Each structure stands twice: as C-alpha cells, then as structure tokens.
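Grab a pencil and have the chain in view. Let's work through a few exercises together.

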Amino acid sequence: MKEREKVVRLAKLAEQAERYDDMVEFMKTLARMDVDMSAEERLLFSVGFKKTIGARRASWRILESLEQKVTAGEQPGVTINGYKKKVEDELRAVCNEVLSIIAIHCLPLANSGENVVFFYKMKGDYYRYLAEFSTGTEKKAATDQSLMAYQHAMVVSSSELSPVHQFRLGLALNFSVFFYEIMNSPERASQVAKQALDEATAEINSAGVEGYKDSMLMMQLLKENLALWTSELTGGETSKDDDVVMEG
C-alpha cells in the first residue's frame, strides 16, 4: 500500500475511534509529503485540527466567563486565571503549528480554486482563533493576518467558485463571524452574510436546489446569524454575550 494511502486510512481509523490527537499526527505526516490534497484528505486534515482546537476554545470561553464573575485577587480567580493561561498556551501552540503547515506544505501545493479557497479560509480561521484570546500587539497582528487571509480567499472564491458552492458560503459565514466577534462590527458582519445569501439564493432560483445539501446548511447558518445581528442593530433584546453565533 502506498504510504499516502496508508496514512489516510490510519487517520480515518483514528477519527472513528475519536482519537483526534492521533488523527492530527497522521494528517501532519500527510501534509509534509508535500502533495496537493484531495477532497477527502483536506477534510480529514481540517476535521482533525478542528476537533483538537474546538475543545480548547470551549474551555477557554468557560474559564473567561468564570473569571469575570469572581473578584480580582481572590483565590478562585487566581486559580481560574492559571488554568486559562495554560489553555491559551495550548491554543497558541496548535494555531501556530496549523498555520506553519498551511504556509509551508498546503498553500504552495494548492493547484485548484477549491484548495486555494479552502486553505486561505483555514488560515483566516486559525488567526481568528488566536485573536480571540490574545491581547495588545499579538491580537492586532493575528487580526490583521486573519483579515488578509479571508480577503484573499473571498477574491479567489468570487472568480473560481459558484455563489452556491459550499466553500464560498462557508468562507462568507466565517468571515462574517470574524467581523462580528473580532472586529465588533455587526454592520459589516451583516453585509457579508447578506451578500452571500442574496447571491446564493439568486443562483439556486435559476438552477434549482438539487445537489446543494451542504450549501443549504451553510445558508441556514448564515440566516440564523444574520437574524441575530439584525436584531442587535435594530435595538432587539439580544446581546453579544448571550448570542450563540454559528460558524463553519
């Protein structure tokens, strides 16, 4: 069995066993083979890291919420802060590793519009994750890098992918979340989401909905976020602290 096929098979077995750290290690091995990933391979690569970082992002948000509820200097607050810094170090390490792999092994080998959009979106996502918890110059640098990656992906997707393509819609979904959560701009978030929805709806109306199952899911998530942000902009009762913003 070819080494590439063996690595993919092992990654799939690790995913089935929910051994995501092992899955990540297998996909890192694949990426370092310097190949233009297939659809299956890039999905495994993305899912492995997303599962790994997702638990840590959730932990950080819980700790951040708890920390805000205790008085500064009290022992519970000191303990929570220590745990939070540990989680931040883990998040930073995972994000930097993903971003390094994408820059060195993925983007230089990406030969299709799909792969270019996929990996630039992923680059934007992981810089966004860094911006979520970092402060000062580190936060500004991560925010700037995330913005540039998303913008580049948007340019490529507009020329290479259909408005109803799931990658184009997923990109718009996460880019709009970036504007809302990182840039604190529900106005710009709403604009990005609405434009993507309008363009996809027009395409579906002319071509029909058959074969667009994944795209329809992305459109639903865009609609849900847009409803939240529109309510906030028009003086509704929702607040950013209580919103559950969906991303891809």
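Here come three exercises, each with a worked solution.

This is a predicted model, where local features need pLDDT of at least 70, side-chain atom pairs count only at pLDDT 80 or more, and totals for chains, interfaces and linings use all residues. Residues are numbered from 1 along each chain as its sequence is written, and side-chain values use heavy atoms, with hydrogens and water left out.

**Exercise 1.** Work out what span helix α9 should have, and compare it with its end C-alpha atoms.

*Solution.* Helices are DSSP runs (H or I, at least four residues), numbered from the N terminus. The expected span is 1.5 Å times one less than the number of residues. For α9 (residues 213-233), with 21 residues, that gives 30 Å, and the end C-alpha atoms are 30 Å apart, so the two agree.

**Exercise 2.** Is G48 buried or exposed, and which residues does G48 touch?

*Solution.* First, find G48 in helix α3 (residues 39-67). Next, apply the cut-offs: buried is under 20% relative accessible area, exposed over 50%, partly exposed in between (1.4 Å probe, protein chains only). G48 sits at 1%, so it's buried. Finally, contact means heavy atoms within 4.5 Å; leaving out residues up to four places away in sequence, G48 touches Y20, M23 and V24.

**Exercise 3.** Which parts does the salt bridge between E41 and R4 tie together?

*Solution.* A salt bridge puts a side-chain nitrogen of Lys or Arg within 4 Å of a carboxyl oxygen of Asp or Glu. E41 and R4 meet at 2.7 Å, N to O. E41 lies in helix α3 and R4 in helix α1 (residues 3-16), so the pair ties together parts 37 residues apart in sequence. E41 is buried at 6%, while R4 is partly exposed at 29%.

Terms used
Helix = DSSP H or I, 4+ residues; strand = E, 2+ residues; numbered from the N terminus.
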